[in-house]
Each structure stands twice: as C-alpha cells, then as structure tokens.
Amino acid sequence: MSISEENKTATIKKYQRAQSDTGSSEVQIALLTSRINQLTGHSKIHKKDHHSRRGLIGLVEKRKRLLAYLERQSPERYKKLITQLDLRK
C-alpha cells in the first residue's frame with residue numbers, strides 16, 4: 001500500500017522548498033503523513049491486520065523523529081508545517 005503517483009507528485013510540489021527539492025524534511029514529513037492517513041483508514045477497516053499496524057507504528061515514529069529534527073533546526077519552518085498538515089503539537 002503506497003500512495004499513488006499523482007498524489008505523491010502533488011504533495012512534493014506543495015511542500016518543496018526549491019524547484020528540484022524532493023528530499024527536504026518538509027517533503028518527507030508530508031509524504032509520511034499522507035501514507036499514515038491512508039494506513040489509518042486501512043486499519044479501521046481491517047482490525048486484525050497486525051502486520052500493517054506494525055508498519056504504521058514505524059511510520060509514525062519516523063515522522064516523529066523528522067519533526068523533532070525540523071524543530072531543532074528551524075522552529076519557524078516546523079510551526080508552519082504543523083499548521084499546514086494539521087498535526088497536533
């Protein structure tokens with residue numbers, strides 16, 4: 001289960017910092033968030049799918065580490081991204 005190519009390119013274009021940026025923290029966090037939202041919906045339907053749930057927990061932890069890094073490096077970019085993605089913090 002991955003995000004579709006159209007959604008991925010749209011997310012990258014929305015959160016990229018420069019024209020050729022595909023790997024900045026903002027882009028990575030946005031892609032992880034869309035994948036987390038998709039897997040959350042899957043987990044609500046398929047309650048006994050523990051393998052996907054374990055993957056979901058790993059994605060949440062990775063996003064958590066990236067958010068902590070972004071907050072240390074640039075608090076203003078962190079706050080902007082949190083409000084754009086509508087994440088709690």
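**Helix packing in the predicted model**

Glu 5, Glu 6, Lys 13 and Lys 14 are exposed on the other side of helix α1, away from the buried residues of this helix, which are Thr 11, Ile 12 and Tyr 15. Viewed down the axis of α1, the buried residues fall within an arc of 100° and therefore line one face of the helix. Helix α1 comprises residues 5-15, and its buried residues pack against α2 (25-45) and α4. The structure described here is a predicted model.

The protein chain contains four helices and zero strands, and its pattern along the sequence is α-α-α-α. Along the principal axes, the C-alpha atoms of the chain fill a box of roughly 40 × 30 × 20 Å. Of the 89 residues of the chain, 35% count as buried. The accessible surface comes to about 6500 Å², and carbon and sulfur atoms account for 51% of this surface. Among contacts in the chain with a separation of 6 or more, 52% involve residues 24 or more positions apart. The chain carries 20 positive and 9 negative charges, and the mean positions of the two sets are 5 Å apart.

Two residues of α1 illustrate its two sides. Thr 11, which is found in helix α1, has a relative accessible area of 15% and is therefore buried, the cut-off being under 20%. Apart from residues up to four places away in sequence, Thr 11 touches Ala 30 and Leu 31. Lys 13 also has its place in helix α1, but with a relative accessible area of 60% this residue is exposed, because the cut-off for exposure is over 50%. The C-alpha atom of Lys 13 is separated by 8.7 Å from that of Val 27; these two residues are 14 residues apart along the chain.

Helix α3 (residues 50-73) consists of 24 residues. At 1.5 Å a residue, a helix of this length should span 34 Å; the end C-alpha atoms of α3 are 35 Å apart, which agrees with that expectation. The buried residues of α3 are Ser 52, Leu 56, Leu 59, Arg 63, Leu 66, Leu 67 and Leu 70. These buried residues pack against α2 and α4, just as the buried residues of α1 pack against α2 and α4.

Within helix α3 lies Leu 66, which is buried because its relative accessible area of 15% is under 20%. When neighbours within four places in sequence are left aside, Leu 66 is in contact with Gln 28, Ile 29 and Leu 32. For one of these partners, Ile 29, the C-alpha separation from Leu 66 is 6.8 Å, although the two residues are 37 residues apart along the chain.

The segment after α4 (75-85) contains Asp 86. Most residues other than glycine have a negative phi. The phi of Asp 86, by contrast, is near 60°, a positive value in a residue other than glycine. Asp 86 has a relative accessibility of 70% and therefore counts as exposed.

Definitions and conventions. Residues numbered from 1 in each chain as written. Predicted model: local features only at pLDDT ≥ 70, side-chain atom pairs only at ≥ 80, totals over all residues. Heavy atoms only, no water. Helix = DSSP H or I, 4+ residues; strand = E, 2+ residues; numbered from the N terminus. Buried < 20%, exposed > 50% of the residue type's maximum accessible area, 1.4 Å probe, protein only. Arc of directions from axis to C-beta. Contact = heavy atoms within 4.5 Å. Areas by Shrake-Rupley, 256 points an atom, 1.4 Å probe, with all protein chains shown as cover. Lys, Arg positive; Asp, Glu negative; His and termini not counted. Charge placed at Lys NZ, Arg CZ, Asp CG, Glu CD. Expected span 1.5 Å × (residues − 1).
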